[in-house]
Amino acid sequence: MAATSQPAIEARALVKVFGETRAVDGLDLTIPAGGVYGILGPNGAGKTTLIRILATLTRPDGGSATVLGHDVLAEPDTVRSKVSLTGQFASVDEDLTGMENLRLLAKLLGYRGRAVSARAAELLSAFGLSDAADKQVKHYSGGMRRRIDIAASIVVTPDVLFLDEPTTGLDPRSRNQVWDIVRALVASGTTVLLTTQYLEEADQLAGRIAVIDHGKVIAEGTPGELKASVGAGALHVRVSQPDRRNEAQSILNDHLGVAVTLESDPAALSARVDDAERVAAGLAALTHSGIGVETYAFGQPTLDEVFLALTGRHAESEPEPDAGTDSVDGVMQKEDVR
Amino acid sequence: MSDTLAPDQTPADIDSILAALQSGERPKRPSLISASITQGWRALLKIKHVPEQLFDVTIFPIMMTLMFTYLFGGALAGSTKEYLQFFLPGILVQSIVFITMYTGVGLNVDHEKGVFDRFRSLPIWHPSAIVGPLLGDAVRYSIASTVIVVLGLILGFRPDGGVVGVVGGVVLLLVFAFSLSWIWTLFGLILRTEKSVMGVSMMLLFPLTFASNIFVSPTTMPGWLEAFVKVNPISWLVTSVRGLMHGNADGADIVKTLVASAVLVAIFAPLTMRAYRRK
Ligand SMILES: Nc1ncnc2c1ncn2[C@@H]1O[C@H](COP(=O)(O)OP(=O)(O)OP(=O)(O)O)[C@@H](O)[C@H]1O
Ligand SMILES: [Mg+2]
C-alpha cells in the first residue's frame, strides 16, 4: 500500500455515455498511491460517474481503467476486494439501525461469530455513534449519516476509498469531523479519492487535484499549482470613510503591489492578491491613515473563479454559499488583526 | 423529522478510528450460502422494524379466505363446509401467489435507495442480494400458510392427507412461490417506481389466478377458457396441493409444477442478475 511505483488508479480515454449525455468523455487520469486525490468539478461534471466506473458499479463504454493494476472490467471482483465506496447518497439501509447495518456488512465480508458484533461496536464507538447504535438510520442527522456511511465503507480497511462529495450539505462542524476522518484514513495508508465542488476542501485535504468539466480533465496538479494557474486570492474591503476611497486605493496599491479596483459599492475596493502579509500591512495602513476598515474578506478563489480562469466561462453549478471566500481558514475576521 | 436523534454531540475519535483501521483485515470470503442467509437475515430485520409488513401475510389471507368461502361456498357447492374441502388449498395458493408480488416492490425500493450499490461494490456472491430476501419471504409465506390452514381447520376443513399431506402441499407451494418471485425481482429492478412494479404484477397475477381451477372446476367453463386453465401452471400447482392435502395426489401434476418452477428460475434468474449487474 505504501510507496510503490504502481499508481492507485489509472484511467485511459475513459468514456461513459447516457443517451445524449457524454458523462465521461475521454478522461485520462493517473492517481498515485497514498494520500488524498481530489476530483473537483461542478454539478454534472461527471464526478459520480467516474467514481462509479472505478468502483465497478458502472460499465464504461470506452477506454480502460485499472485500480492497483487490476482492470475494472476484466477483474471486477479483485477490484472490489481492494476498494470501498461511500456514495454521494446514503447507501446504508435506512430501516435498519446503525449496529445492524454494520453487522450486516461485517457478515457479508466474512466476519464470523462474536467478531461480527465486536467489529460493528468498535466502528460505532470510533465514529462517535455508540449512543445511536440501536436507532434506525433514518432518524440520524446529516453528519451522523455521513459517518455511518464512511464507517460502513471501512468495515474491512480498503486500499483505495472513494468518497463522493462527502461534505456536501454538512454544517462546518460535521465537515471538520469528516476531514479528520479522511486524514486518519490517509495516515493508515489508504489512498482516498475524494470528489468535491469546493476548491477549499480539495485544498485542505488533497495532495493533488484534477479539475474536471464535461467529463474531461481540464487541469491537474498540486493545489498550489492549480491556484497559481488561476491567479491570486481575492481581497474585498469596505472602508469606513467612503469619501476617501481614492486615497485608500493608492495606499492599498502601494502595499499590495497589484492593481486595486473600485467596486460599484461606493465604499468597496477589491484586489487579486494572495500574499497574506501584504494584505495585513495594507489593512493596517488603512486603519493608520484614519480611513478605517469597516469589513473585509480575504480568501481563495472560488471554484467559479477557477472555472472562469480555466475555461473562460462560469461553472454551471448552483451558487454555493459555502464555497470560496467564506472558507474556514481563508477568511480572517477584522478582529483577528487588531 | 420529529424524532431525529437528540444533539449530535459525540465527535468521531481519531485515535479509535486509526485503531479500527489497523484491525480491519479482510476475513475469508463467506460462502454463497452464508451470504444468502445474511441477506435473508436483513429481510427479517425489516419485519422487526416495519411490522406492518405482516398485515400482508395475516389479515389479507384471513380476509380472502373468509370472503370467498362465504361468498361462493353456498352458491358453488351447496354448503360452505363442502366448498371449503375443495377451496381451501386453492385460496392458500391464491393468497401466497399474490403476496409474492411484494418481493418486487421491496427490491425496487432497495434499488432506488442505493442500498444495492453498496452490495454491488462488495466482493460477494452477488445473487445473494436477491436470493436472501427470497429466503426471508419464505418465512413470511410460511406464516401466511399457517394462518390460512389453521383458519380452514377452524371453519371445517378436514384434509385426508393428514399433517404430512398438508405440510407437503405447503412446501410445494413455497417452492413454486420462490420460483415465481424471480419474475417480480426482474420487474423490481427494471421498472422505475414501486407503483409500476405493483401495476405490472397485478396485471399478470389476476388472469393467472382467476383463470385457474382455484375457485371452480374448469369443466364448467367455455372451451377456450378451459383450454387455458389446463395449461396454466397455477392450475397444476393447485391440483397438486389439493391432491397432497387430501391424500390423493397425482405425481404427474407435481412433476409438471416442479418443471414449471425450474423453467421460471432458468429464465428469470439470469435476467434478474443481468439487470442487477447492469446500470
Ligand atoms: N444514470 C444516468 N442516466 C442518465 N444520465 C445520467 C446518469 N447518471 C449521470 N447522468 C448524467 O451524466 C452527467 C454527469 O453526471 P454525474 O452524476 O457523474 O455528475 P457529478 O459531477 O457527480 O455531478 P454532481 O456534482 O451533481 O453530483 C450529468 O449530465 C448527468 O445528468
Ligand atoms: Mg455526483
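Colleague: What lies 2.8 Å from an oxygen atom of ligand 1?
Modeller: A backbone N or O atom of Gly44(A) does. This is a predicted model: local features need pLDDT of at least 70, side-chain atom pairs count only at pLDDT 80 or more, and totals for chains, interfaces and linings use all residues. Residues are numbered from 1 along each chain as written, chains are lettered from A and ligands numbered from 1 in written order, and side-chain values use heavy atoms, without hydrogens or water.

Colleague: What makes the Glu165(A) pair with ligand 1 a polar contact?
Modeller: A polar contact to a ligand is a pair of N or O atoms within 3.5 Å. A polar side-chain atom of Glu165(A) lies 2.7 Å from an oxygen atom of ligand 1. That is within the limit, so the pair counts. The protein covers 62% of the 630 Å² of accessible area (Shrake-Rupley method, 1.4 Å probe) that ligand 1 has on its own.

Colleague: Why is Leu135(B) called partly exposed?
Modeller: Its relative accessibility is 37%. Buried means under 20% and exposed over 50%, with partly exposed in between (1.4 Å probe, protein chains only). So Leu135(B) is partly exposed.

Colleague: What makes a nonpolar patch on the surface of chain B?
Modeller: Leu32(B), Ile33(B), Ile37(B), Trp125(B) and Leu135(B) form it, with about 460 Å² of accessible area together. Patch residues need over 30% relative accessible area and no salt bridge (a Lys or Arg side-chain nitrogen within 4 Å of an Asp or Glu carboxyl oxygen). Nonpolar side chains (Val, Leu, Ile, Met, Phe, Trp, Tyr) are joined within 5 Å, and like charges within 9 Å. At 37%, Leu135(B) is over the 30% limit.

Notes
Polar contact = N/O pair within 3.5 Å; in protein donor to acceptor, adjacent residues only side chain to side chain.
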